[in-house]
Amino acid sequence: MKKKVLLMGKAHSGKTSMRSIIFANYLARDTMRLSPTLDVEHHHVRFLGNLVLNLWDCGGQDAFYESYFERDRETIFRSVELLIYVFDIESDNPEKDFDHFSGVLEAIEENSPDARIFVLVHKMDLVHEDERDVIFEDRQRIIQAHSRGLSLQCFATSIWDETLYKAWSEIVTNLIPNIQLLKTHLDDFCRISDADEVVLFERATFLVIAHTSQNAAQHNFDAHRFEKISNIVKQFKLSCGKTQAGFQGMEVKNSLFSAFIDAFTENTYIMVIVSDPQIETAATLINIKNAREHFEKNFARS
Amino acid sequence: MSPHETLFRLESTPTPQHLIVDTNRLSQFELIDFPGDWDEASNNPIFLGLSCFVFVLDAQDEPYDLVLSYLTNLISKATKVNPRIHVHVFINKVDGELFLSEEAKYDCRRDIVSLVQEEMETFQGLDNVNVEYYLTSIYDHSVYESFSKVVQKLVPALNTIESLLNVLVERNGMEKAFLFDVASKLYISTDSNPVDAAGYELCSDMIDVVLDVSGIYGGRHNSDSNREIDDCSKGEGEGGEQDKSVTEEEKNGYYDSESCAAIHLSNGIVLYLKEVESMLALVCLTREESFGRRGLVDYNIGVFKEAIKKMIEVAGPK
Ligand SMILES: Nc1nc2c(ncn2[C@@H]2O[C@H](COP(=O)(O)OP(=O)(O)OP(=O)(O)O)[C@@H](O)[C@H]2O)c(=O)[nH]1
Ligand SMILES: Nc1nc2c(ncn2[C@@H]2O[C@H](COP(=O)(O)OP(=O)(O)O)[C@@H](O)[C@H]2O)c(=O)[nH]1
Ligand SMILES: [Mg+2]
């Protein structure tokens, strides 16, 4: 199943950086060495086995926009499933950014009216923490005002923290067909194994694709925890890579919890959180093993 | 603080900054951070209680002549006050365009070593001063590894700990074992097998993983203080700065007497971490086969823990 994804936004806004971190195992600091994208770079990335994302990373210099809007208009904007538009929070010319943005939306409306649209307000790490919410709200308002009535979803992102994973997880899960069913099975598993939480990650990117919790109310967990876990595990996988060894799984505990993160089906990793001290580690490991067989059978070809 | 944050969060250091490092009970010391243009002549007595002296040099700032003569001058003054002082030179920022190859780093070190030696010959009585050189960058683990070596010189019971680690490694057929200070990720000691930089990096990254995951799930969930922090980070965002430092501190608080972690790698190695004493962690690299007898491994680690506890008790509170 092939899905065309357009990645657009002004030059230097961070499009190639994000793509490289999520899909090509770059570290955030490696992106400082990226050079500007010339024209359009096409990348096919495999997700969950047989979902292929056909990423069109469109260089953002003004000269390229002329051809995107004129000569290549149809080629670029036809049969798009997802548009991801990136704004640099530190842009020196916001008005021009919005000109381009409106132009892109117009072309999308014309050629791919059903495309889903996501807007990333990027490089938020450059804004002081105290001001991030306010500035993001403000940007979001302006973006909505330029949306030509199309429905779109905004995220504040930075390659330096988990917000990157949050945004891309939500974007990508939009493309998974039987996600609802997957979620139901995950709910069952969580209940049967008396876990507090169960999270499913895509194997290569470690993006969150589904999660479920029990008794979440009494726990008061961090709202960004899944993305944080993605980020933590992905960083660690990269460290493992340096030693020629792959990451297989881990178990972390203290007096209040145990976390199990393990290779699950062919295309996923699972995380199981248990806080009930009565539940033995061995029991949880057996539950994961049984669930693995069940999921392999039911979701072998997603 | 992450390396990236140092780019815009740090201001230059105007006066010597004192920092007491006493997160664990084995290695406790006072760190003094000097400004780069510190006028050493007027402050000579500061060397009096000093046992160790780290000089950080910017490898991307050539030529080195001036800074190196400043260094030798300092060494000369320091040894007059304390002839047994350890001198460590960190050749920092060996990253980026200039230092893509290992070759370039070694060349740089060789140049600096010979320049310093030349300079030192112009002073009297510096023949016996032992200067150690390290190539470091804050973008990889070199800075941690180098600082570990500096700190080890300050641990009084180093030899005893090392022999305890040797026994542990041998009994369990482990590849390597480190005793880490969890807060700083410096290792206080290791067994006498050679340290392989990649193995050390993995162990140190593992500590990050354990603290981060415990910070998310291992907190005292129902506590009111936790709720408050959550609320205000969602609210107007007032005091966001403060929240962050609180959570850093708290994260260390989530490392407790039952902290334990195992990470399995595809090459058959298991990284195994166990709490030893508050803010101390034993991290071992072991083969999956040996790890299969986990009960035995845990038992032997228990014996090691007891020995360390006794050692600390005998030494008494500092
Ligand atoms: N501070 C900060 N810098 C970022 C972030 N994301 C990317 N950058 C930096 O922004 C610069 C440009 O990134 P690219 O990914 O090449 O930008 P691009 O959008 O692909 O640019 P074009 O290909 O010219 O359209 C790089 O130096 C990145 O390191 C972020 O979240 N925060
Ligand atoms: N490339 C690189 N930059 C570094 C390294 N260590 C520090 N820096 C940068 O050097 C600058 C000055 O660092 P700082 O610690 O304030 O220097 P000080 O004046 O000696 O205290 C900061 O912008 C750091 O980000 C390094 O290993 N590599
Ligand atoms: Mg690009």
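**Exercise 1. The interface between the chains**

How many residue pairs are in polar contact between chain B and chain A, with both residues at pLDDT 80 or more?

*Solution.* This is a predicted model, in which local features need pLDDT of at least 70, side-chain atom pairs count only at pLDDT 80 or more, and totals for chains, interfaces and linings use all residues. Residues are numbered from 1 along each chain as its sequence is written, chains are lettered from A and ligands numbered from 1 in the order in which they are written, and side-chain values use heavy atoms, with hydrogens and water left out.

Step 1. A polar contact is a pair of N or O atoms within 3.5 Å; within protein, one must be able to donate a hydrogen and the other to accept it, and residues adjacent in sequence count only if both atoms are side-chain atoms. Between chain B and chain A, 13 residue pairs meet this condition.

Step 2. The elements of chain B that each supply at least two residues to the side touching chain A are helix 1 (3-9), helix 6 (197-217), helix 7 (224-234), helix 8 (240-253) and strand 8 (260-265). Helices (H or I, at least four residues) and strands (E, at least two) are DSSP runs, numbered from the N terminus. Helix 6 of chain B gives the most, with 12 residues.

Step 3. Contact, meaning heavy atoms within 4.5 Å, involves 49 residues of chain B and 40 residues of chain A.

**Exercise 2. Salt bridges and a shared strand pairing**

State the number of salt bridges between chain B and chain A, and describe the strands that pair across the two chains.

*Solution.* Step 1. A salt bridge is a side-chain nitrogen of Lys or Arg within 4 Å of a carboxyl oxygen of Asp or Glu. The count between the chains is two. One of them joins B:Arg294 to A:Glu251, with the closest N and O atoms 3.3 Å apart.

Step 2. Two strands pair if DSSP finds at least two bridges between them. Strand 9 (residues 247-254) of chain A and strand 8 of chain B run antiparallel and are joined by six bridges. Within this pairing, A:Val252 stands opposite B:Ala261.

**Exercise 3. The sheet of chain A**

Determine the strand order of the six-stranded sheet in chain A and identify its edges.

*Solution.* Step 1. The sheet is open, with mixed pairing and the order 2-3-1-4-5-6.

Step 2. Strand 2 (40-47) and strand 6 (152-156) of chain A each have a single partner strand, so one side of each lacks a neighbour in the sheet.

Step 3. From one strand to the next, the twist averages 20 degrees. Axes are lines fitted to C-alpha atoms, for helices over the stretch in contact, and angles run from 0 to 180 degrees between N-to-C directions.

Step 4. Strand 1 (residues 2-9) and strand 4 (residues 82-88) of chain A run parallel and share five bridges. A:Leu7 has A:Ile84 as its bridge partner in strand 4.

Step 5. Helix 2 (residues 62-69) of chain A packs on the sheet, and its direction makes about 135 degrees with that of strand 1 of chain A.

**Exercise 4. The sheet of chain B**

Describe the three-stranded sheet of chain B and the helices that pack on it.

*Solution.* Step 1. This open sheet has the order 3-4-5 with parallel pairing. Strand 3 and strand 5 (131-135) of chain B are the edge strands, each pairing on one side only.

Step 2. Seven bridges connect strand 3 of chain B with strand 4 (residues 86-92) of chain B. B:Phe53 stands opposite B:Val87.

Step 3. Helix 2 of chain B touches strand 3, strand 4 and strand 5 of chain B, at about 175 degrees to strand 3 of chain B. Helix 3 (residues 102-121) of chain B touches strand 3, strand 4 and strand 5 of chain B, at about 155 degrees to strand 5 of chain B.
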